[in-house]
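Biologist: I am new to this structure and would like a close look at a single part of it. Could you take me through the aromatic pairs, slowly and with the terms explained?

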Amino acid sequence: MTVDRRGFVIRTGAGAAGLTIGLSGCGPGEGGAARRPGPEGWPTDPDALAAVYRDNIYTRLLGVRPHLPAHEHVSRLGGGRMDPEVNAAMAEANEFFVDMHELLEAAGARIAERLGTEAALVTAGGFSAMVLGAAGCLTGTDPERVHALPLPTWPRRECLIQTPHRFGYDRAYRDAGMTIVEAATREDFRTQLSERTAMIAALATVERQTMFAPPAPVDWAPAPGPEVMTVREQIEIGREADVPVLVDMASDLPTGVGLREFVGAGADLIVISGGKGIGGPQSSGILAGRADLIEAAGLNASPNDAIGRGMKVGKEEIVGLVVALDRYVARDVDAWVAGWSEMAGRIAAELADVPGLTAEVVTNTAGYEDVELTWDPEVIPLSTDEAKAALMAAEPRLAYLMTIRTRLLREGEDALVIRALREAFTRAARTD
(Lines give C-alpha, C1' and ligand atoms only; values in the text may rest on other atoms or scores of the structure.)
Protein backbone atom coordinates (compact mmCIF):
# COMPACT_ATOMS: atom_id res chain seq x y z
CA MET A 1 0.00 0.00 0.00
CA THR A 2 1.24 3.47 -0.82
CA VAL A 3 -0.11 6.71 0.59
CA ASP A 4 0.77 10.22 -0.49
CA ARG A 5 0.53 13.39 1.60
CA ARG A 6 -2.99 14.26 0.40
CA GLY A 7 -4.39 10.90 1.41
CA PHE A 8 -4.64 9.17 -1.98
CA VAL A 9 -4.24 5.41 -1.59
CA ILE A 10 -3.64 2.80 -4.25
CA ARG A 11 -3.91 -0.82 -3.11
CA THR A 12 -2.53 -3.74 -5.02
CA GLY A 13 -1.99 -7.34 -4.07
CA ALA A 14 -0.77 -10.58 -5.52
CA GLY A 15 -3.30 -11.91 -8.00
CA ALA A 16 -5.71 -9.02 -7.50
CA ALA A 17 -6.05 -5.40 -8.41
CA GLY A 18 -7.90 -2.95 -6.22
CA LEU A 19 -9.14 0.59 -6.42
CA THR A 20 -9.27 2.17 -3.01
CA ILE A 21 -8.59 5.85 -3.35
CA GLY A 22 -9.08 8.23 -0.46
CA LEU A 23 -9.25 12.00 -0.52
CA SER A 24 -8.51 14.29 2.40
CA GLY A 25 -11.05 16.74 3.16
CA CYS A 26 -14.89 15.64 3.81
CA GLY A 27 -24.50 17.19 3.88
CA PRO A 28 -25.70 14.12 4.64
CA GLY A 29 -27.13 11.44 2.46
CA GLU A 30 -29.17 8.71 4.07
CA GLY A 31 -29.36 5.02 3.27
CA GLY A 32 -32.04 2.37 3.27
CA ALA A 33 -35.25 2.83 5.21
CA ALA A 34 -33.84 5.93 6.92
CA ARG A 35 -33.18 7.75 3.65
CA ARG A 36 -34.81 11.03 2.72
CA PRO A 37 -36.72 10.98 -0.57
CA GLY A 38 -34.91 13.94 -2.08
CA PRO A 39 -36.45 17.18 -3.33
CA GLU A 40 -40.00 17.25 -4.59
CA GLY A 41 -40.17 15.64 -7.99
CA TRP A 42 -36.84 13.86 -7.59
CA PRO A 43 -37.33 10.37 -9.08
CA THR A 44 -36.30 7.09 -7.51
CA ASP A 45 -36.78 4.93 -10.61
CA PRO A 46 -33.29 4.24 -12.01
CA ASP A 47 -34.20 5.00 -15.64
CA ALA A 48 -35.89 8.25 -14.67
CA LEU A 49 -32.89 9.15 -12.52
CA ALA A 50 -30.53 8.42 -15.41
CA ALA A 51 -32.55 10.83 -17.55
CA VAL A 52 -32.20 13.53 -14.88
CA TYR A 53 -28.44 13.00 -14.86
CA ARG A 54 -28.42 13.53 -18.63
CA ASP A 55 -30.61 16.64 -18.56
CA ASN A 56 -30.08 19.04 -15.66
CA ILE A 57 -28.93 22.58 -14.91
CA TYR A 58 -25.25 21.65 -15.27
CA THR A 59 -25.61 19.91 -18.63
CA ARG A 60 -28.04 22.50 -20.04
CA LEU A 61 -26.24 25.62 -18.87
CA LEU A 62 -22.58 24.67 -19.06
CA GLY A 63 -22.26 21.24 -20.64
CA VAL A 64 -20.79 19.77 -17.43
CA ARG A 65 -21.85 16.18 -16.66
CA PRO A 66 -22.58 15.48 -12.98
CA HIS A 67 -21.54 12.20 -11.38
CA LEU A 68 -23.05 9.76 -8.93
CA PRO A 69 -21.72 10.63 -5.45
CA ALA A 70 -20.56 7.21 -4.25
CA HIS A 71 -17.89 8.96 -2.20
CA GLU A 72 -17.28 11.03 0.90
CA HIS A 73 -17.93 14.77 1.09
CA VAL A 74 -15.10 15.98 -1.13
CA SER A 75 -14.86 19.67 -1.96
CA ARG A 76 -13.35 19.16 -5.39
CA LEU A 77 -16.22 16.83 -6.29
CA GLY A 78 -18.99 19.17 -5.20
CA GLY A 79 -19.16 18.72 -1.42
CA GLY A 80 -22.43 17.48 0.04
CA ARG A 81 -26.19 17.76 -0.43
CA MET A 82 -28.66 20.02 1.33
CA ASP A 83 -32.14 18.98 2.40
CA PRO A 84 -35.10 20.64 0.65
CA GLU A 85 -35.88 22.59 3.83
CA VAL A 86 -32.41 24.14 3.78
CA ASN A 87 -32.75 25.11 0.13
CA ALA A 88 -36.19 26.61 0.79
CA ALA A 89 -34.86 28.65 3.72
CA MET A 90 -32.03 30.02 1.59
CA ALA A 91 -34.42 30.95 -1.21
CA GLU A 92 -36.63 32.87 1.23
CA ALA A 93 -33.61 34.57 2.82
CA ASN A 94 -32.60 35.80 -0.64
CA GLU A 95 -35.73 37.96 -0.83
CA PHE A 96 -34.84 40.15 2.17
CA PHE A 97 -32.04 42.44 3.29
CA VAL A 98 -30.59 42.55 6.79
CA ASP A 99 -27.73 44.18 8.66
CA MET A 100 -24.97 41.59 8.44
CA HIS A 101 -23.55 42.39 11.88
CA GLU A 102 -26.97 41.78 13.42
CA LEU A 103 -27.46 38.59 11.43
CA LEU A 104 -24.05 37.19 12.36
CA GLU A 105 -24.62 37.99 16.04
CA ALA A 106 -28.06 36.36 16.10
CA ALA A 107 -26.93 33.30 14.12
CA GLY A 108 -23.87 32.93 16.34
CA ALA A 109 -26.02 33.00 19.46
CA ARG A 110 -28.37 30.35 18.03
CA ILE A 111 -25.47 28.10 17.01
CA ALA A 112 -23.72 28.54 20.37
CA GLU A 113 -26.91 27.42 22.12
CA ARG A 114 -27.00 24.30 19.99
CA LEU A 115 -23.32 23.51 20.61
CA GLY A 116 -23.19 24.43 24.28
CA THR A 117 -20.49 27.08 23.79
CA GLU A 118 -20.29 30.68 24.95
CA ALA A 119 -20.36 32.08 21.42
CA ALA A 120 -20.06 31.11 17.77
CA LEU A 121 -19.27 32.63 14.38
CA VAL A 122 -20.46 31.54 10.93
CA THR A 123 -17.47 31.25 8.59
CA ALA A 124 -16.82 30.54 4.92
CA GLY A 125 -16.06 26.84 5.48
CA GLY A 126 -13.85 24.94 7.88
CA PHE A 127 -10.58 26.37 6.53
CA SER A 128 -11.93 29.88 7.06
CA ALA A 129 -12.82 28.99 10.65
CA MET A 130 -9.24 27.83 11.19
CA VAL A 131 -7.82 31.09 9.81
CA LEU A 132 -10.17 33.25 11.86
CA GLY A 133 -9.68 31.21 15.03
CA ALA A 134 -5.93 31.61 14.73
CA ALA A 135 -6.33 35.31 13.96
CA GLY A 136 -8.46 35.80 17.06
CA CYS A 137 -5.83 34.08 19.22
CA LEU A 138 -3.16 36.34 17.72
CA THR A 139 -4.88 39.70 17.98
CA GLY A 140 -7.45 39.62 20.73
CA THR A 141 -9.61 42.71 20.33
CA ASP A 142 -6.68 45.08 19.70
CA PRO A 143 -7.57 46.94 16.45
CA GLU A 144 -3.92 47.68 15.66
CA ARG A 145 -3.08 43.99 15.83
CA VAL A 146 -6.15 43.11 13.76
CA HIS A 147 -4.93 45.34 10.95
CA ALA A 148 -1.34 44.11 11.28
CA LEU A 149 -2.20 40.56 10.18
CA PRO A 150 -0.86 38.49 8.51
CA LEU A 151 2.41 40.04 9.67
CA PRO A 152 2.37 40.07 13.48
CA THR A 153 5.28 41.90 15.09
CA TRP A 154 4.67 40.79 18.68
CA PRO A 155 6.39 37.75 20.23
CA ARG A 156 3.28 35.66 21.06
CA ARG A 157 2.60 34.32 17.57
CA GLU A 158 3.47 30.61 17.56
CA CYS A 159 1.09 27.72 16.92
CA LEU A 160 2.15 24.48 18.64
CA ILE A 161 1.17 21.20 16.94
CA GLN A 162 2.24 17.64 17.67
CA THR A 163 3.55 16.01 14.48
CA PRO A 164 0.75 13.41 14.10
CA HIS A 165 -1.77 16.28 14.21
CA ARG A 166 -0.16 18.01 11.22
CA PHE A 167 -2.10 17.95 7.92
CA GLY A 168 -2.21 19.84 4.66
CA TYR A 169 -4.87 22.32 5.72
CA ASP A 170 -3.04 23.53 8.83
CA ARG A 171 -1.45 26.11 6.56
CA ALA A 172 -4.57 28.08 7.59
CA TYR A 173 -2.74 28.98 10.80
CA ARG A 174 0.20 30.29 8.79
CA ASP A 175 -2.20 32.22 6.57
CA ALA A 176 -3.37 34.05 9.68
CA GLY A 177 0.23 34.97 10.48
CA MET A 178 1.22 32.27 12.95
CA THR A 179 4.55 30.45 12.97
CA ILE A 180 3.97 26.71 13.29
CA VAL A 181 6.14 24.95 15.86
CA GLU A 182 6.10 21.17 15.52
CA ALA A 183 6.70 18.77 18.40
CA ALA A 184 7.33 15.08 17.75
CA THR A 185 6.91 13.73 21.28
CA ARG A 186 5.14 14.63 24.50
CA GLU A 187 8.44 15.80 25.94
CA ASP A 188 9.07 18.00 22.90
CA PHE A 189 5.53 19.37 23.16
CA ARG A 190 5.99 20.57 26.71
CA THR A 191 9.47 21.91 25.96
CA GLN A 192 8.23 23.91 22.95
CA LEU A 193 5.37 25.44 24.93
CA SER A 194 6.46 28.94 25.94
CA GLU A 195 5.44 32.57 26.31
CA ARG A 196 5.60 32.74 22.49
CA THR A 197 2.81 30.16 22.09
CA ALA A 198 -0.41 31.85 21.00
CA MET A 199 -2.41 28.68 20.30
CA ILE A 200 -2.30 24.88 20.41
CA ALA A 201 -3.92 23.18 17.41
CA ALA A 202 -5.34 19.64 17.58
CA LEU A 203 -6.96 17.46 14.90
CA ALA A 204 -9.88 15.29 16.01
CA THR A 205 -9.47 12.81 13.13
CA VAL A 206 -6.18 11.62 14.64
CA GLU A 207 -8.12 9.92 17.42
CA ARG A 208 -9.48 7.34 14.94
CA GLN A 209 -6.77 7.25 12.25
CA THR A 210 -3.41 8.99 11.97
CA MET A 211 -3.63 9.34 8.19
CA PHE A 212 -5.55 12.50 7.34
CA ALA A 213 -8.38 11.26 5.13
CA PRO A 214 -12.08 10.54 5.39
CA PRO A 215 -13.05 7.37 7.29
CA ALA A 216 -11.17 4.48 5.71
CA PRO A 217 -11.35 0.67 5.90
CA VAL A 218 -9.90 -0.37 9.23
CA ASP A 219 -7.53 -2.90 7.65
CA TRP A 220 -5.38 -0.21 6.06
CA ALA A 221 -5.97 3.02 7.96
CA PRO A 222 -3.28 3.38 10.61
CA ALA A 223 -4.74 3.66 14.09
CA PRO A 224 -3.21 6.06 16.62
CA GLY A 225 -0.51 4.63 18.83
CA PRO A 226 0.28 5.57 22.42
CA GLU A 227 2.78 8.19 21.22
CA VAL A 228 -0.06 10.25 19.70
CA MET A 229 -1.39 12.84 22.12
CA THR A 230 -5.15 12.85 22.51
CA VAL A 231 -7.15 16.01 22.04
CA ARG A 232 -8.12 15.97 25.71
CA GLU A 233 -4.49 15.69 26.76
CA GLN A 234 -3.64 18.81 24.77
CA ILE A 235 -6.66 20.64 26.16
CA GLU A 236 -5.43 19.93 29.68
CA ILE A 237 -1.90 21.13 28.87
CA GLY A 238 -3.31 24.29 27.31
CA ARG A 239 -5.45 24.95 30.38
CA GLU A 240 -2.43 24.57 32.68
CA ALA A 241 -0.36 26.97 30.54
CA ASP A 242 -3.23 29.42 29.87
CA VAL A 243 -2.87 28.84 26.11
CA PRO A 244 -6.04 28.46 24.00
CA VAL A 245 -6.58 25.12 22.27
CA LEU A 246 -8.32 24.97 18.88
CA VAL A 247 -9.77 21.59 17.88
CA ASP A 248 -10.46 20.96 14.20
CA MET A 249 -13.38 18.51 14.03
CA ALA A 250 -14.55 19.68 10.60
CA SER A 251 -14.68 16.22 9.00
CA ASP A 252 -15.79 14.06 11.93
CA LEU A 253 -19.56 14.45 12.13
CA PRO A 254 -21.80 12.57 12.61
CA THR A 255 -19.91 9.39 13.53
CA GLY A 256 -16.44 10.53 14.52
CA VAL A 257 -17.42 12.77 17.43
CA GLY A 258 -20.48 14.29 19.02
CA LEU A 259 -21.28 17.97 18.56
CA ARG A 260 -20.45 18.80 22.17
CA GLU A 261 -17.69 16.25 22.80
CA PHE A 262 -14.69 18.58 22.85
CA VAL A 263 -16.66 21.53 24.17
CA GLY A 264 -17.39 19.41 27.23
CA ALA A 265 -13.71 18.53 27.46
CA GLY A 266 -12.79 22.21 27.69
CA ALA A 267 -11.66 23.15 24.17
CA ASP A 268 -11.34 26.92 23.77
CA LEU A 269 -12.32 26.81 20.09
CA ILE A 270 -13.82 24.16 17.81
CA VAL A 271 -14.04 24.12 14.02
CA ILE A 272 -16.95 22.44 12.20
CA SER A 273 -17.62 22.26 8.47
CA GLY A 274 -21.10 23.42 7.51
CA GLY A 275 -21.25 21.51 4.24
CA LYS A 276 -20.26 18.04 5.43
CA GLY A 277 -22.11 16.14 8.16
CA ILE A 278 -24.22 19.13 9.17
CA GLY A 279 -25.79 19.27 5.70
CA GLY A 280 -25.58 23.04 5.26
CA PRO A 281 -24.18 25.11 2.39
CA GLN A 282 -20.84 23.85 1.13
CA SER A 283 -19.15 27.22 1.65
CA SER A 284 -20.16 27.55 5.31
CA GLY A 285 -18.52 26.62 8.56
CA ILE A 286 -18.62 27.21 12.30
CA LEU A 287 -16.05 28.56 14.74
CA ALA A 288 -17.34 28.19 18.29
CA GLY A 289 -15.98 28.49 21.80
CA ARG A 290 -14.93 31.14 24.30
CA ALA A 291 -16.78 34.43 23.96
CA ASP A 292 -13.61 36.56 24.05
CA LEU A 293 -11.93 34.54 21.30
CA ILE A 294 -15.06 34.52 19.12
CA GLU A 295 -15.33 38.30 19.53
CA ALA A 296 -11.69 38.61 18.46
CA ALA A 297 -12.22 36.28 15.49
CA GLY A 298 -15.26 38.30 14.45
CA LEU A 299 -13.20 41.49 14.33
CA ASN A 300 -10.92 39.71 11.86
CA ALA A 301 -13.87 38.47 9.79
CA SER A 302 -16.10 39.87 7.05
CA PRO A 303 -17.86 42.29 6.82
CA ASN A 304 -15.02 43.99 8.69
CA ASP A 305 -12.02 45.27 6.74
CA ALA A 306 -9.53 42.71 8.03
CA ILE A 307 -7.74 39.50 7.07
CA GLY A 308 -11.05 37.65 6.74
CA ARG A 309 -12.74 40.17 4.46
CA GLY A 310 -12.46 37.82 1.48
CA MET A 311 -14.03 34.98 3.50
CA LYS A 312 -17.50 36.42 3.00
CA VAL A 313 -20.58 34.38 3.94
CA GLY A 314 -23.86 35.42 2.31
CA LYS A 315 -27.03 36.01 4.29
CA GLU A 316 -28.62 33.05 2.51
CA GLU A 317 -25.78 30.73 3.56
CA ILE A 318 -26.00 31.89 7.18
CA VAL A 319 -29.72 31.11 7.29
CA GLY A 320 -29.18 27.80 5.51
CA LEU A 321 -26.52 26.74 8.00
CA VAL A 322 -28.72 27.56 11.01
CA VAL A 323 -31.63 25.56 9.54
CA ALA A 324 -29.31 22.66 8.71
CA LEU A 325 -27.89 22.63 12.25
CA ASP A 326 -31.38 22.63 13.74
CA ARG A 327 -32.25 19.62 11.57
CA TYR A 328 -29.00 17.87 12.46
CA VAL A 329 -29.61 18.23 16.20
CA ALA A 330 -33.10 16.73 15.81
CA ARG A 331 -31.95 13.83 13.62
CA ASP A 332 -31.90 10.18 14.68
CA VAL A 333 -28.22 9.70 13.90
CA ASP A 334 -28.17 5.96 14.64
CA ALA A 335 -30.97 5.24 12.15
CA TRP A 336 -29.41 7.59 9.61
CA VAL A 337 -26.01 5.91 9.75
CA ALA A 338 -27.55 2.41 9.79
CA GLY A 339 -29.15 3.29 6.47
CA TRP A 340 -25.74 3.90 4.91
CA SER A 341 -24.60 0.43 5.95
CA GLU A 342 -27.84 -1.14 4.75
CA MET A 343 -27.39 0.35 1.30
CA ALA A 344 -23.75 -0.80 1.19
CA GLY A 345 -24.94 -4.35 1.83
CA ARG A 346 -27.45 -4.16 -1.01
CA ILE A 347 -24.83 -2.90 -3.46
CA ALA A 348 -22.35 -5.63 -2.54
CA ALA A 349 -25.00 -8.33 -2.88
CA GLU A 350 -26.02 -7.13 -6.35
CA LEU A 351 -22.41 -7.30 -7.58
CA ALA A 352 -21.66 -10.77 -6.20
CA ASP A 353 -22.14 -12.49 -9.58
CA VAL A 354 -19.79 -10.29 -11.64
CA PRO A 355 -16.95 -12.61 -12.79
CA GLY A 356 -13.55 -11.64 -11.41
CA LEU A 357 -14.95 -8.88 -9.19
CA THR A 358 -15.12 -9.05 -5.41
CA ALA A 359 -17.44 -6.58 -3.69
CA GLU A 360 -16.86 -6.83 0.05
CA VAL A 361 -18.70 -4.97 2.79
CA VAL A 362 -16.06 -3.49 5.09
CA THR A 363 -16.31 -1.46 8.26
CA ASN A 364 -14.49 1.86 8.18
CA THR A 365 -12.77 3.77 10.96
CA ALA A 366 -15.94 5.75 11.71
CA GLY A 367 -17.89 2.54 12.35
CA TYR A 368 -20.22 2.30 9.36
CA GLU A 369 -19.92 0.13 6.25
CA ASP A 370 -18.65 0.69 2.73
CA VAL A 371 -18.17 -1.57 -0.28
CA GLU A 372 -14.55 -2.32 -1.14
CA LEU A 373 -13.88 -3.55 -4.66
CA THR A 374 -11.01 -5.75 -5.77
CA TRP A 375 -10.68 -7.68 -8.99
CA ASP A 376 -8.63 -10.48 -10.51
CA PRO A 377 -6.46 -8.96 -13.26
CA GLU A 378 -6.44 -12.31 -15.06
CA VAL A 379 -10.19 -11.93 -15.54
CA ILE A 380 -10.54 -8.13 -15.56
CA PRO A 381 -7.31 -6.71 -17.03
CA LEU A 382 -7.82 -3.15 -15.78
CA SER A 383 -5.29 -0.95 -14.07
CA THR A 384 -6.46 1.41 -11.33
CA ASP A 385 -6.35 4.40 -13.66
CA GLU A 386 -8.19 2.53 -16.39
CA ALA A 387 -10.94 1.52 -13.97
CA LYS A 388 -11.31 5.11 -12.77
CA ALA A 389 -11.50 6.36 -16.34
CA ALA A 390 -14.08 3.73 -17.32
CA LEU A 391 -16.33 4.67 -14.42
CA MET A 392 -16.06 8.38 -15.17
CA ALA A 393 -17.01 7.62 -18.77
CA ALA A 394 -20.16 5.75 -17.69
CA GLU A 395 -23.65 7.16 -18.11
CA PRO A 396 -24.22 8.53 -15.54
CA ARG A 397 -20.63 9.08 -14.50
CA LEU A 398 -19.38 7.48 -11.31
CA ALA A 399 -16.61 9.04 -9.23
CA TYR A 400 -15.10 6.20 -7.19
CA LEU A 401 -13.01 7.41 -4.27
CA MET A 402 -11.95 5.37 -1.27
CA THR A 403 -14.40 2.46 -1.64
CA ILE A 404 -18.06 2.78 -2.55
CA ARG A 405 -19.54 5.02 0.14
CA THR A 406 -23.30 5.46 0.35
CA ARG A 407 -23.83 8.40 2.72
CA LEU A 408 -24.46 10.90 -0.09
CA LEU A 409 -26.61 8.64 -2.27
CA ARG A 410 -30.36 9.12 -2.57
CA GLU A 411 -32.80 6.27 -2.96
CA GLY A 412 -32.56 4.92 -6.49
CA GLU A 413 -29.04 6.14 -7.09
CA ASP A 414 -27.67 2.93 -5.61
CA ALA A 415 -29.20 1.08 -8.57
CA LEU A 416 -27.32 3.38 -10.94
CA VAL A 417 -24.08 2.77 -9.01
CA ILE A 418 -24.61 -0.99 -9.36
CA ARG A 419 -25.36 -0.60 -13.06
CA ALA A 420 -22.23 1.49 -13.70
CA LEU A 421 -19.94 -0.91 -11.83
CA ARG A 422 -21.45 -4.01 -13.40
CA GLU A 423 -21.20 -2.61 -16.93
CA ALA A 424 -17.66 -1.24 -16.53
CA PHE A 425 -16.15 -4.43 -15.11
CA THR A 426 -18.13 -6.78 -17.32
CA ARG A 427 -17.15 -4.84 -20.43
CA ALA A 428 -13.49 -5.05 -19.44
CA ALA A 429 -13.54 -8.78 -18.67
CA ARG A 430 -11.69 -11.19 -20.95
CA THR A 431 -13.91 -13.19 -23.29
CA ASP A 432 -11.30 -15.74 -24.44
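Modeller: What follows is a walk through the aromatic pairs, with a short stop at a neighbouring topic, a proline.

This is a predicted model, in which local features need pLDDT of at least 70 and side-chain atom pairs count only at pLDDT 80 or more, while totals for chains, interfaces and linings use all residues. Residues are numbered from 1 along each chain as its sequence is written, and side-chain values use heavy atoms, with hydrogens and water left out.

A pair of aromatic rings is described by the distance of the centres and the angle of the planes. Here rings of Phe, Tyr and Trp (for Trp, the six-membered ring) pair if their centres lie within 6.5 Å, and planes under 30 degrees apart count as stacked, over 60 as edge-to-face and the rest as tilted. The structure holds seven aromatic pairs. In one of them, Tyr-169 and Phe-212, the ring centres are 5.7 Å apart and the planes stand at 80 degrees, so this pair is edge-to-face. Tyr-169 sits in the loop between β7 (158–162) and α7 (171–176), whereas Phe-212 sits in the loop between β9 (197–203) and α9 (231–241), so the pair ties together parts that are 43 residues apart in sequence. The helices (H or I, at least four residues) and strands (E, at least two) named here are DSSP runs, numbered from the N terminus.

For accessibility, buried means under 20% relative accessible area, exposed over 50%, and partly exposed in between, with a 1.4 Å probe and protein chains only. Tyr-169, at 30% relative accessibility, counts as partly exposed, and Phe-212, at 10%, counts as buried.

The rings of Trp-336 and Trp-340 have their centres 5.2 Å apart and their planes at 75 degrees, so this pair, too, is edge-to-face. Both residues belong to helix α13 (residues 333–350), where they are four residues apart and separated by about one helical turn. Trp-336 and Trp-340 are both buried, and together with Tyr-328 and Tyr-368 they form one aromatic cluster.

The loop between β9 and α9 also contains Pro-224, which is partly exposed, with a relative accessible area of 31%. Leaving aside residues up to four places away in sequence, Pro-224 touches Val-206, Glu-207, Arg-208, Gln-209 and Thr-210, where contact means heavy atoms within 4.5 Å. From C-alpha to C-alpha, Pro-224 and Pro-164 are 8.7 Å apart in space, although 60 residues apart in sequence.
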